[in-house]
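Good morning, colleagues. Please take a moment to look at the sequence and the structure on the screen before I begin.

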Amino acid sequence: MILTCLDDDPRMERTLRRFAGSLGHEVRFQTTSQSLREDMGHQVPDVVVLDLGLGTETGVDVLGWLAEHHVNVPVVFLSGHADELLDTARRIAQGNGLAVYGAINKANLVRELPEVLARCRPPEPRQKTPAMPQKALDVDALRQYLSAGRIKPYFQPILLASSLKPVGAEVLARLSLPDGSVLGAGAFIPLAERSGLIMELTHVLSERLIELEPRLRPLGLDFISVNLSAANVESTQAAAMVKHLVDAFAGSSRIMIELTETAVLPDLQQMRELTTQLRLGGASLAIDDFGIGYSSIRALAELPYDALKIDLSFVAEMFDSEKSANLIASMVHMAHSLHLKVVAEGVETEAQRDRLIEMGVDRLQGYLFGRPVPIEQFVL
(Lines give C-alpha, C1' and ligand atoms only; values in the text may rest on other atoms or scores of the structure.)
Protein backbone atom coordinates (compact mmCIF):
# COMPACT_ATOMS: atom_id res chain seq x y z
CA MET A 1 0.00 0.00 0.00
CA ILE A 2 0.93 3.63 -0.42
CA LEU A 3 1.02 5.58 2.85
CA THR A 4 1.10 9.35 2.96
CA CYS A 5 2.20 10.65 6.35
CA LEU A 6 1.65 14.21 7.59
CA ASP A 7 3.85 15.06 10.58
CA ASP A 8 5.62 18.35 11.30
CA ASP A 9 8.52 16.48 12.92
CA PRO A 10 10.86 15.36 10.07
CA ARG A 11 12.62 12.97 12.45
CA MET A 12 9.63 10.65 12.19
CA GLU A 13 10.27 10.04 8.50
CA ARG A 14 13.13 7.58 8.96
CA THR A 15 11.25 5.50 11.54
CA LEU A 16 8.12 5.37 9.45
CA ARG A 17 9.95 4.41 6.29
CA ARG A 18 11.84 1.64 8.08
CA PHE A 19 8.88 -0.02 9.79
CA ALA A 20 6.33 0.50 7.03
CA GLY A 21 8.87 -0.52 4.43
CA SER A 22 9.61 -3.75 6.28
CA LEU A 23 5.95 -4.63 5.75
CA GLY A 24 6.16 -3.85 2.04
CA HIS A 25 4.49 -0.44 2.11
CA GLU A 26 5.59 2.72 0.29
CA VAL A 27 5.80 5.89 2.42
CA ARG A 28 5.40 9.47 1.21
CA PHE A 29 6.25 11.93 4.00
CA GLN A 30 4.87 15.48 4.28
CA THR A 31 5.55 18.11 6.94
CA THR A 32 2.79 20.62 6.09
CA SER A 33 -0.87 20.29 5.27
CA GLN A 34 -0.33 22.22 2.06
CA SER A 35 2.24 19.71 0.83
CA LEU A 36 -0.16 16.92 1.77
CA ARG A 37 -2.91 18.48 -0.34
CA GLU A 38 -0.55 18.88 -3.30
CA ASP A 39 0.74 15.31 -2.96
CA MET A 40 -2.76 13.87 -2.83
CA GLY A 41 -3.65 15.96 -5.86
CA HIS A 42 -1.05 14.00 -7.84
CA GLN A 43 -1.71 10.53 -6.41
CA VAL A 44 -4.26 9.44 -3.83
CA PRO A 45 -2.68 7.08 -1.25
CA ASP A 46 -4.26 4.01 0.28
CA VAL A 47 -3.85 5.34 3.82
CA VAL A 48 -3.17 8.74 5.42
CA VAL A 49 -1.03 8.62 8.57
CA LEU A 50 -1.91 11.84 10.36
CA ASP A 51 -0.25 13.63 13.26
CA LEU A 52 -2.78 15.55 15.35
CA GLY A 53 -0.49 18.38 16.45
CA LEU A 54 0.74 20.39 13.46
CA GLY A 55 1.65 23.74 14.93
CA THR A 56 -0.62 26.47 13.56
CA GLU A 57 -2.95 23.90 12.01
CA THR A 58 -4.26 20.79 13.76
CA GLY A 59 -5.04 17.34 12.52
CA VAL A 60 -8.72 18.14 13.08
CA ASP A 61 -8.49 20.78 10.32
CA VAL A 62 -6.98 18.20 7.99
CA LEU A 63 -9.76 15.76 8.81
CA GLY A 64 -12.29 18.32 7.62
CA TRP A 65 -10.44 18.70 4.34
CA LEU A 66 -10.13 14.92 3.88
CA ALA A 67 -13.85 14.48 4.56
CA GLU A 68 -14.64 17.04 1.88
CA HIS A 69 -12.18 15.91 -0.80
CA HIS A 70 -11.02 12.32 -0.07
CA VAL A 71 -13.61 10.67 2.17
CA ASN A 72 -12.74 7.19 0.81
CA VAL A 73 -9.14 7.38 2.06
CA PRO A 74 -8.82 5.80 5.53
CA VAL A 75 -6.77 7.35 8.33
CA VAL A 76 -4.26 6.18 10.92
CA PHE A 77 -3.65 8.66 13.74
CA LEU A 78 -0.16 9.36 15.03
CA SER A 79 0.25 11.52 18.12
CA GLY A 80 2.32 12.23 21.19
CA HIS A 81 -0.82 13.19 23.08
CA ALA A 82 -2.66 11.09 25.61
CA ASP A 83 -4.77 8.18 24.45
CA GLU A 84 -8.06 9.93 25.28
CA LEU A 85 -7.28 12.65 22.72
CA LEU A 86 -6.59 10.04 20.05
CA ASP A 87 -9.88 8.40 20.92
CA THR A 88 -11.80 11.65 20.51
CA ALA A 89 -10.06 12.36 17.20
CA ARG A 90 -11.11 8.93 15.96
CA ARG A 91 -14.72 9.77 16.79
CA ILE A 92 -14.44 13.08 14.94
CA ALA A 93 -13.12 11.30 11.86
CA GLN A 94 -15.82 8.67 11.92
CA GLY A 95 -18.43 11.37 12.45
CA ASN A 96 -17.18 12.93 9.21
CA GLY A 97 -17.55 9.63 7.37
CA LEU A 98 -13.84 8.72 7.40
CA ALA A 99 -12.66 5.20 8.16
CA VAL A 100 -10.02 4.95 10.90
CA TYR A 101 -7.64 1.97 10.87
CA GLY A 102 -6.06 2.78 14.21
CA ALA A 103 -4.59 5.34 16.58
CA ILE A 104 -0.91 5.11 17.50
CA ASN A 105 0.86 6.95 20.28
CA LYS A 106 4.34 8.00 19.15
CA ALA A 107 5.80 6.58 22.35
CA ASN A 108 4.56 3.15 21.23
CA LEU A 109 5.29 3.56 17.52
CA VAL A 110 7.71 0.66 17.17
CA ARG A 111 5.29 -1.77 18.81
CA GLU A 112 1.97 -0.51 17.44
CA LEU A 113 2.67 0.61 13.86
CA PRO A 114 3.41 -2.82 12.34
CA GLU A 115 0.32 -4.27 14.02
CA VAL A 116 -1.96 -1.49 12.72
CA LEU A 117 -0.59 -1.59 9.18
CA ALA A 118 -0.82 -5.39 9.10
CA ARG A 119 -4.59 -5.21 9.40
CA CYS A 120 -4.96 -2.39 6.90
CA ARG A 121 -6.54 -3.25 3.59
CA PRO A 122 -7.13 -0.93 0.66
CA PRO A 123 -10.86 -0.15 0.41
CA GLU A 124 -12.63 -2.18 -2.25
CA PRO A 125 -14.64 -0.19 -4.74
CA ARG A 126 -18.32 -0.32 -3.94
CA GLN A 127 -20.62 -1.63 -6.58
CA LYS A 128 -23.91 0.16 -6.53
CA THR A 129 -26.97 -1.97 -7.03
CA PRO A 130 -30.23 -0.32 -7.92
CA ALA A 131 -32.55 -0.23 -4.94
CA MET A 132 -35.98 -1.71 -5.37
CA PRO A 133 -38.64 0.91 -4.84
CA GLN A 134 -40.63 0.28 -1.67
CA LYS A 135 -43.80 1.97 -0.56
CA ALA A 136 -43.35 3.88 2.67
CA LEU A 137 -45.04 2.27 5.66
CA ASP A 138 -47.91 4.35 7.00
CA VAL A 139 -50.29 4.02 9.92
CA ASP A 140 -53.11 2.45 7.90
CA ALA A 141 -50.79 -0.17 6.42
CA LEU A 142 -49.32 -0.98 9.84
CA ARG A 143 -52.81 -1.35 11.30
CA GLN A 144 -53.74 -3.75 8.50
CA TYR A 145 -50.58 -5.77 9.01
CA LEU A 146 -51.34 -6.04 12.74
CA SER A 147 -54.83 -7.33 12.00
CA ALA A 148 -53.43 -9.80 9.48
CA GLY A 149 -50.99 -11.23 12.06
CA ARG A 150 -47.86 -10.14 10.21
CA ILE A 151 -45.95 -9.20 13.37
CA LYS A 152 -43.64 -12.14 14.08
CA PRO A 153 -41.33 -12.90 17.02
CA TYR A 154 -37.72 -13.55 16.10
CA PHE A 155 -35.29 -15.04 18.62
CA GLN A 156 -31.64 -14.26 19.34
CA PRO A 157 -29.74 -16.54 21.74
CA ILE A 158 -28.13 -15.29 24.95
CA LEU A 159 -25.25 -17.45 26.19
CA LEU A 160 -23.77 -18.11 29.59
CA ALA A 161 -20.23 -16.71 29.46
CA SER A 162 -18.72 -19.47 31.60
CA SER A 163 -19.87 -22.32 29.35
CA LEU A 164 -20.97 -20.60 26.08
CA LYS A 165 -24.23 -22.54 26.32
CA PRO A 166 -27.56 -20.84 25.50
CA VAL A 167 -29.46 -19.88 28.66
CA GLY A 168 -31.97 -17.45 27.20
CA ALA A 169 -33.28 -15.67 24.16
CA GLU A 170 -34.33 -12.13 23.36
CA VAL A 171 -37.58 -11.75 21.46
CA LEU A 172 -37.39 -9.17 18.67
CA ALA A 173 -40.38 -7.99 16.64
CA ARG A 174 -40.29 -8.36 12.87
CA LEU A 175 -42.86 -7.36 10.25
CA SER A 176 -43.43 -9.88 7.45
CA LEU A 177 -44.59 -8.07 4.31
CA PRO A 178 -46.80 -9.62 1.62
CA ASP A 179 -43.91 -9.61 -0.88
CA GLY A 180 -41.90 -11.93 1.39
CA SER A 181 -39.52 -9.31 2.76
CA VAL A 182 -39.08 -8.79 6.50
CA LEU A 183 -38.69 -5.43 8.24
CA GLY A 184 -36.64 -4.95 11.38
CA ALA A 185 -38.08 -3.24 14.45
CA GLY A 186 -36.52 0.11 13.58
CA ALA A 187 -38.69 0.32 10.45
CA PHE A 188 -42.03 0.15 12.27
CA ILE A 189 -41.71 0.44 16.07
CA PRO A 190 -41.25 4.26 16.03
CA LEU A 191 -44.34 4.55 13.80
CA ALA A 192 -46.29 2.30 16.19
CA GLU A 193 -45.25 4.48 19.13
CA ARG A 194 -46.19 7.74 17.40
CA SER A 195 -49.54 6.42 16.19
CA GLY A 196 -50.65 4.82 19.45
CA LEU A 197 -50.44 1.29 18.04
CA ILE A 198 -47.51 0.13 20.15
CA MET A 199 -49.61 -1.51 22.86
CA GLU A 200 -51.64 -3.41 20.29
CA LEU A 201 -48.42 -4.46 18.55
CA THR A 202 -46.87 -5.65 21.81
CA HIS A 203 -50.05 -7.54 22.67
CA VAL A 204 -50.01 -9.29 19.27
CA LEU A 205 -46.35 -10.20 19.73
CA SER A 206 -47.02 -11.46 23.27
CA GLU A 207 -49.91 -13.66 22.17
CA ARG A 208 -47.86 -15.10 19.34
CA LEU A 209 -45.06 -15.85 21.80
CA ILE A 210 -47.50 -17.67 24.06
CA GLU A 211 -48.61 -19.80 21.10
CA LEU A 212 -44.97 -20.79 20.57
CA GLU A 213 -44.35 -21.79 24.20
CA PRO A 214 -44.75 -25.55 23.51
CA ARG A 215 -42.05 -25.32 20.83
CA LEU A 216 -39.71 -23.33 23.08
CA ARG A 217 -40.17 -25.51 26.17
CA PRO A 218 -37.91 -28.39 24.99
CA LEU A 219 -34.98 -25.96 24.65
CA GLY A 220 -34.83 -25.65 28.44
CA LEU A 221 -34.02 -21.92 28.39
CA ASP A 222 -33.77 -20.20 31.76
CA PHE A 223 -35.47 -17.05 30.50
CA ILE A 224 -37.16 -15.37 27.55
CA SER A 225 -36.42 -11.65 27.26
CA VAL A 226 -39.09 -9.22 26.00
CA ASN A 227 -38.73 -5.47 25.37
CA LEU A 228 -41.14 -2.80 26.59
CA SER A 229 -40.95 0.67 25.07
CA ALA A 230 -41.81 3.99 26.71
CA ALA A 231 -45.32 3.91 25.27
CA ASN A 232 -45.81 0.40 26.67
CA VAL A 233 -44.94 1.31 30.23
CA GLU A 234 -47.25 4.32 30.16
CA SER A 235 -50.17 1.96 29.55
CA THR A 236 -52.22 0.64 32.44
CA GLN A 237 -52.39 -2.68 30.56
CA ALA A 238 -48.62 -3.32 30.72
CA ALA A 239 -48.50 -5.12 34.07
CA ALA A 240 -51.50 -7.34 33.21
CA MET A 241 -50.03 -8.26 29.83
CA VAL A 242 -46.69 -9.22 31.39
CA LYS A 243 -48.44 -11.26 34.11
CA HIS A 244 -50.34 -13.16 31.41
CA LEU A 245 -47.03 -13.90 29.68
CA VAL A 246 -45.39 -15.02 32.93
CA ASP A 247 -48.27 -17.39 33.71
CA ALA A 248 -48.17 -18.87 30.20
CA PHE A 249 -44.46 -19.71 30.60
CA ALA A 250 -44.74 -20.97 34.18
CA GLY A 251 -42.70 -24.15 34.57
CA SER A 252 -40.95 -23.44 31.28
CA SER A 253 -38.88 -20.22 31.25
CA ARG A 254 -38.80 -17.04 33.27
CA ILE A 255 -39.92 -13.87 31.51
CA MET A 256 -37.40 -11.04 31.63
CA ILE A 257 -38.64 -7.56 30.73
CA GLU A 258 -36.05 -5.23 29.19
CA LEU A 259 -36.55 -1.53 29.82
CA THR A 260 -34.36 1.11 28.18
CA GLU A 261 -33.77 4.48 29.77
CA THR A 262 -36.18 5.98 27.24
CA ALA A 263 -38.85 3.67 28.65
CA VAL A 264 -38.44 5.13 32.14
CA LEU A 265 -41.37 7.39 32.94
CA PRO A 266 -40.74 11.00 33.98
CA ASP A 267 -42.85 10.22 37.06
CA LEU A 268 -40.36 8.15 39.04
CA GLN A 269 -42.96 7.19 41.63
CA GLN A 270 -45.16 5.72 38.88
CA MET A 271 -42.14 3.85 37.49
CA ARG A 272 -41.34 2.42 40.92
CA GLU A 273 -44.90 1.14 41.21
CA LEU A 274 -44.91 -0.39 37.73
CA THR A 275 -41.57 -2.17 38.06
CA THR A 276 -42.55 -3.47 41.48
CA GLN A 277 -45.79 -4.82 39.99
CA LEU A 278 -43.80 -6.53 37.23
CA ARG A 279 -41.46 -8.15 39.76
CA LEU A 280 -44.32 -9.21 42.03
CA GLY A 281 -46.04 -10.65 38.97
CA GLY A 282 -43.09 -12.99 38.48
CA ALA A 283 -41.06 -11.17 35.81
CA SER A 284 -37.37 -10.33 36.00
CA LEU A 285 -36.18 -6.87 34.96
CA ALA A 286 -33.16 -5.82 32.90
CA ILE A 287 -32.00 -2.30 32.15
CA ASP A 288 -31.22 -2.29 28.43
CA ASP A 289 -28.70 -0.22 26.44
CA PHE A 290 -26.96 0.70 29.68
CA GLY A 291 -24.40 3.49 29.46
CA ILE A 292 -25.87 5.65 26.70
CA GLY A 293 -28.36 7.62 28.80
CA TYR A 294 -27.93 10.30 31.42
CA SER A 295 -29.98 8.78 34.23
CA SER A 296 -29.11 5.09 33.96
CA ILE A 297 -27.27 5.09 37.31
CA ARG A 298 -30.24 6.75 39.01
CA ALA A 299 -32.51 4.08 37.52
CA LEU A 300 -30.28 1.38 39.04
CA ALA A 301 -30.59 3.05 42.42
CA GLU A 302 -34.35 3.51 42.26
CA LEU A 303 -35.75 0.48 40.44
CA PRO A 304 -35.66 -3.28 41.16
CA TYR A 305 -33.53 -4.55 38.30
CA ASP A 306 -32.07 -8.06 38.15
CA ALA A 307 -29.75 -7.58 35.16
CA LEU A 308 -27.85 -4.93 33.23
CA LYS A 309 -27.27 -5.07 29.47
CA ILE A 310 -24.20 -3.16 28.30
CA ASP A 311 -24.97 -1.19 25.15
CA LEU A 312 -23.42 -2.71 22.03
CA SER A 313 -21.64 0.56 21.14
CA PHE A 314 -19.16 -0.05 23.98
CA VAL A 315 -18.49 -3.59 22.81
CA ALA A 316 -17.97 -2.41 19.22
CA GLU A 317 -15.35 0.12 20.37
CA MET A 318 -13.58 -1.88 23.05
CA PHE A 319 -10.44 -2.51 20.97
CA ASP A 320 -10.36 0.94 19.38
CA SER A 321 -11.03 2.90 22.55
CA GLU A 322 -9.35 2.12 25.85
CA LYS A 323 -11.98 4.35 27.43
CA SER A 324 -14.75 2.08 26.22
CA ALA A 325 -12.92 -1.00 27.47
CA ASN A 326 -12.37 0.60 30.88
CA LEU A 327 -16.02 1.66 31.04
CA ILE A 328 -17.14 -1.91 30.36
CA ALA A 329 -14.93 -3.16 33.19
CA SER A 330 -16.35 -0.47 35.48
CA MET A 331 -19.94 -1.36 34.55
CA VAL A 332 -19.30 -5.01 35.29
CA HIS A 333 -17.80 -4.20 38.68
CA MET A 334 -20.62 -1.81 39.57
CA ALA A 335 -23.35 -4.24 38.45
CA HIS A 336 -21.87 -7.13 40.40
CA SER A 337 -21.59 -4.96 43.50
CA LEU A 338 -25.37 -4.43 43.14
CA HIS A 339 -25.91 -8.19 42.63
CA LEU A 340 -26.98 -7.73 39.00
CA LYS A 341 -26.18 -10.11 36.16
CA VAL A 342 -24.32 -8.47 33.26
CA VAL A 343 -25.15 -9.13 29.61
CA ALA A 344 -22.87 -7.80 26.86
CA GLU A 345 -24.73 -7.09 23.62
CA GLY A 346 -23.32 -6.83 20.12
CA VAL A 347 -20.59 -9.48 20.41
CA GLU A 348 -19.38 -10.12 16.87
CA THR A 349 -15.84 -11.47 17.18
CA GLU A 350 -14.04 -14.12 19.18
CA ALA A 351 -11.62 -11.46 20.45
CA GLN A 352 -14.51 -9.47 21.89
CA ARG A 353 -15.95 -12.64 23.44
CA ASP A 354 -12.68 -13.58 25.12
CA ARG A 355 -12.02 -10.07 26.46
CA LEU A 356 -15.55 -9.77 27.86
CA ILE A 357 -15.23 -13.14 29.59
CA GLU A 358 -11.96 -11.95 31.14
CA MET A 359 -13.80 -8.84 32.39
CA GLY A 360 -16.33 -11.00 34.19
CA VAL A 361 -19.42 -10.55 32.01
CA ASP A 362 -22.07 -13.13 32.92
CA ARG A 363 -23.90 -13.48 29.59
CA LEU A 364 -23.13 -12.81 25.94
CA GLN A 365 -25.35 -11.88 23.01
CA GLY A 366 -24.53 -10.98 19.42
CA TYR A 367 -24.04 -12.09 15.84
CA LEU A 368 -21.07 -14.26 16.83
CA PHE A 369 -23.56 -16.65 18.45
CA GLY A 370 -26.55 -16.13 16.19
CA ARG A 371 -28.66 -13.50 14.46
CA PRO A 372 -32.35 -13.04 15.26
CA VAL A 373 -34.23 -15.83 13.47
CA PRO A 374 -37.82 -17.12 13.29
CA ILE A 375 -38.91 -20.01 15.48
CA GLU A 376 -38.40 -22.56 12.67
CA GLN A 377 -34.66 -21.83 12.64
CA PHE A 378 -34.25 -21.20 16.35
CA VAL A 379 -35.50 -24.59 17.53
CA LEU A 380 -33.29 -26.64 15.19
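What does the accessible surface of the protein come to, and what percentage of it belongs to carbon and sulfur atoms? The accessible surface is about 18900 Å², and carbon and sulfur atoms hold 52% of it. I should state at once that this is a predicted model, and every value I quote is computed from it.

Let me turn to the confidence of the prediction. The mean pLDDT of the protein is 85, with 89% of the residues at 70 or more. Among the elements, the highest mean pLDDT, 98, belongs to strand 16, residues 363–364. The lowest, 68, belongs to strand 4, residues 53–54. Over residues 123–133 the pLDDT stays under 50, and there the model has 4 contacts beyond four places in sequence.

Next, the overall architecture. The protein has 17 helices and 16 strands. Its residues number 380, and 49% of them count as buried. Of the contacts with a separation of 6 or more, 67% are between residues 24 or more positions apart.

I now come to one sheet. It is an open sheet of 5 strands, in the order 2-1-3-6-7, with parallel pairing. Strand 2, residues 26–30, and strand 7, residues 100–105, each have a single partner strand and stand at the edges, so one side of each has no neighbour in the sheet. From one strand to the next, the twist averages 20°. Strands 6 and 7 run parallel and are joined by 5 bridges; strand 6 covers residues 75–79. In one of the pairs, Ser 79 has Asn 105 of strand 7 as its bridge partner. Helix 1, residues 12–22, packs on this sheet and touches strand 1, strand 2 and strand 6. The direction of helix 1 makes about 165° with that of strand 2.

Finally, I would like to consider a single residue, Ser 253. Where does Ser 253 lie? It is found in the loop between helix 11, residues 238–248, and strand 12, residues 254–259. Is Ser 253 buried or exposed? Its relative accessibility is 9%, and the cut-off for buried is under 20%, so Ser 253 counts as buried. Leaving aside residues up to four places away in sequence, Ser 253 touches Leu 221, Asp 222, Phe 223 and Ile 224. The side chain of Ser 253 reaches the backbone oxygen of Leu 221 at 2.8 Å. Ile 224 is 29 residues from Ser 253 in sequence, while their C-alpha atoms are 6.3 Å apart in space.

Thank you for your attention.

Note on methods:
Residues numbered from 1 in each chain as written. Predicted model: local features only at pLDDT ≥ 70, side-chain atom pairs only at ≥ 80, totals over all residues. Heavy atoms only, no water. Pairing = 2+ DSSP bridges. Helix = DSSP H or I, 4+ residues; strand = E, 2+ residues; numbered from the N terminus. Axes fitted to C-alpha atoms, helices over the stretch in contact; angles between N-to-C directions. Contact = heavy atoms within 4.5 Å. Buried < 20%, exposed > 50% of the residue type's maximum accessible area, 1.4 Å probe, protein only. Areas by Shrake-Rupley, 256 points an atom, 1.4 Å probe, with all protein chains shown as cover. pLDDT = per-residue confidence, 0-100. Polar contact = N/O pair within 3.5 Å; in protein donor to acceptor, adjacent residues only side chain to side chain.
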